[in-house]
Amino acid sequence: MKTVEVLRHPLFIRFVHWSIVITGLILALSGMELGGLYGVRIFGENVYAIHITVAFVFGCLWGMFGYYMIAKEWKWISLRRIPYSIKFLYREALAWCLLGPHVKDPRGYSLKKRDYVEKIIPTQVMVWWIYVLLALLMGITGFAMIYPEQLKPIVNIAQAIVSWFNPAGQMDGYTALRAIHRLGMYLFGLVMFMHMYAVVVFGVLTSMITGKRREKVVEE
């Protein structure tokens with residue numbers, strides 16, 4: 001199989017990606033400390049200020065990352081590719097259960113076009129949009145907890161959502177926000193671990209460090 005070394009990730013996107021990883025870990029640890037979870041004690045009396053400050057940085061980084069993805073990578077992660085992503089996941093799930101063959105890796109590079117024929121594993125489409133939704137969820141609920149009066153409608157919505165699952169319980173809006181924010185943290189962590197597993201299995205971790213990867217040559 002013929003391969004060629006190509007620049008998969010420019011320096012800008014690698015810098016933003018790893019900055020998101022670092023700030024995300026700081027947010028997770030400071031958030032657990034604020035919530036009294038798992039005995040995390042790292043930041044001490046400055047934990048609240050650190051959590052809020054890093055959250056703003058995290059949001060800015062996600063804004064830059066999102067802009068790049070829309071401007072440069074949209075053809076790979078657009079919403080119209082979600083059905084393709086779901087189909088790939090379904091067929092791979094069958095293969096994992098020994099109910100069918102594994103789907104051929106679709107990634108490939110065209111030397112004639114000097115561009116990718118397919119750049120990503122299809123499930124990455126879903127992962128990207130789940131990340132986006134969870135980042136928005138964490139940002140909205142986080143801001144609403146900081147500014148509960150200014151964002152009162154969001155507080156009320158959170159309270160209403162929680163009441164659907166526990167109609168007999170008594171929970172004020174702020175507590176409901178904290179519950180949803182914490183749930184978002186766990187979901188974010190779950191997706192992150194799935195993402196880590198996938199980048200190792202599909203051999204793209206090194207390319208997010210060096211920027212380069214040897215890709216299969218495919219001519220359409």
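**Aromatic pairs, a nonpolar pocket and helix α1 in a predicted model**

Trp-62 and Phe-65 both belong to helix α2, where three residues, about one turn of the helix, separate them. In this predicted model, the rings of Trp-62 and Phe-65 form an edge-to-face aromatic pair, with 5.9 Å from centre to centre and 75 degrees between the planes. Both partners are buried, Trp-62 as well as Phe-65.

The structure holds eleven aromatic pairs. Among them is the pair of Phe-58 and Phe-188, which is likewise edge-to-face, with a centre-to-centre distance of 6.3 Å and an angle of 65 degrees between the planes. This pair links distant parts of the chain, since Phe-58 is placed in helix α2 (residues 47-72) and Phe-188 in helix α7, with the two positions 130 residues apart in sequence. Phe-58 and Phe-188 are both buried. Ring pairs further join Phe-58, Trp-62, Phe-65, Trp-74, Trp-128, Trp-129, Tyr-131 and Phe-188 into a cluster, to which both of the pairs described above contribute their rings.

As to the overall architecture, the protein contains eight helices and four strands, and these elements follow the pattern β-α-α-α-α-β-β-α-α-α-α-β when read along the sequence. The C-alpha atoms fill a box of roughly 60 × 40 × 30 Å, taken along the principal axes. Of the 220 residues in the protein, 38% are buried. Among the contacts with a separation of 6 or more, 70% are accounted for by residues 24 or more positions apart.

Helix α7 appears again in the lining of the second largest pocket, which encloses about 160 Å³ of space. The pocket is lined by Leu-134, Leu-137, Ile-161, Val-162, Phe-165, Met-171, Ala-179, Ile-180, Leu-183 and Leu-187. At least two lining residues are supplied by each of α5 (123-146), α6 (152-165) and α7 (173-201), and the largest share, four residues, comes from α7. Sorted by class, the lining comprises ten nonpolar residues, with no polar and no charged residues.

Helix α1 (residues 11-34) consists of 24 residues and reaches 34 Å from its first C-alpha to its last, close to the 34 Å expected at 1.5 Å a residue. The buried positions of α1 are Ile-13, Arg-14, Val-16, His-17, Ser-19, Ile-20, Thr-23, Leu-27, Ser-30, Met-32 and Glu-33, and the buried residues of this helix pack against α2, α7 and α8 (207-210). Just after α1, Gly-36 adopts a positive phi of about 65 degrees.

Leu-29, which is also placed in helix α1, counts as partly exposed because its relative accessibility is 32%. Apart from residues up to four places away in sequence, Leu-29 touches Val-40, Ile-42 and Phe-43. Between Leu-29 and Val-47, which are 18 residues apart in sequence, the C-alpha to C-alpha distance is 9.4 Å.

Two histidines are in contact with residues of α1, and their surroundings are described in turn. His-51 is located in helix α2 and is classed as buried because its relative accessible area is 14%, under the 20% cut-off. When residues up to four places away in sequence are not counted, His-51 touches Leu-27, Ser-30, Gly-31, Leu-34 and His-181; of these, Leu-27 and Ser-30 are included among the buried residues of α1. In contrast to these contacts, the C-alpha atoms of His-51 and Glu-219 are separated by 49 Å, the two residues being 168 residues apart along the chain.

His-9 is found in the loop between β1 (3-7) and α1, and His-9 is likewise classed as buried because its relative accessible area is 15%, under the 20% cut-off. The contacts of His-9, again not counting residues up to four places away in sequence, are with Arg-14, Ser-207, Met-208 and Gly-211. Arg-14 is included among the buried residues of α1, while Ser-207 and Met-208 fall within the range of α8 (207-210), against which the buried residues of α1 also pack.

Technical notes. Residues are numbered from 1 along each chain as its sequence is written. This is a predicted model: local features need pLDDT of at least 70, side-chain atom pairs count only at pLDDT 80 or more; totals for chains, interfaces and linings use all residues. Side-chain values use heavy atoms; hydrogens and water are left out. On a 1 Å grid over the protein atoms alone, a cavity is a set of points where a 1.4 Å probe fits but cannot get out, and a pocket is an open set with protein on both sides within 12 Å along at least five of seven lines; lining residues have an atom within 4 Å of a point. Grid points are joined across faces, edges and corners, and a volume is the space filled by probe spheres set on the points. Ala, Val, Leu, Ile, Met, Phe, Trp, Tyr, Cys and Pro count as nonpolar, Asp, Glu, Lys and Arg as charged, and the others, Gly among them, as polar. Rings of Phe, Tyr and Trp (its six-membered ring) pair if their centres lie within 6.5 Å; planes under 30 degrees apart count as stacked, over 60 as edge-to-face and the rest as tilted. Buried means under 20% relative accessible area, exposed over 50%, partly exposed in between (1.4 Å probe, protein chains only). The expected span of a helix is 1.5 Å times one less than its number of residues. Contact means heavy atoms within 4.5 Å.
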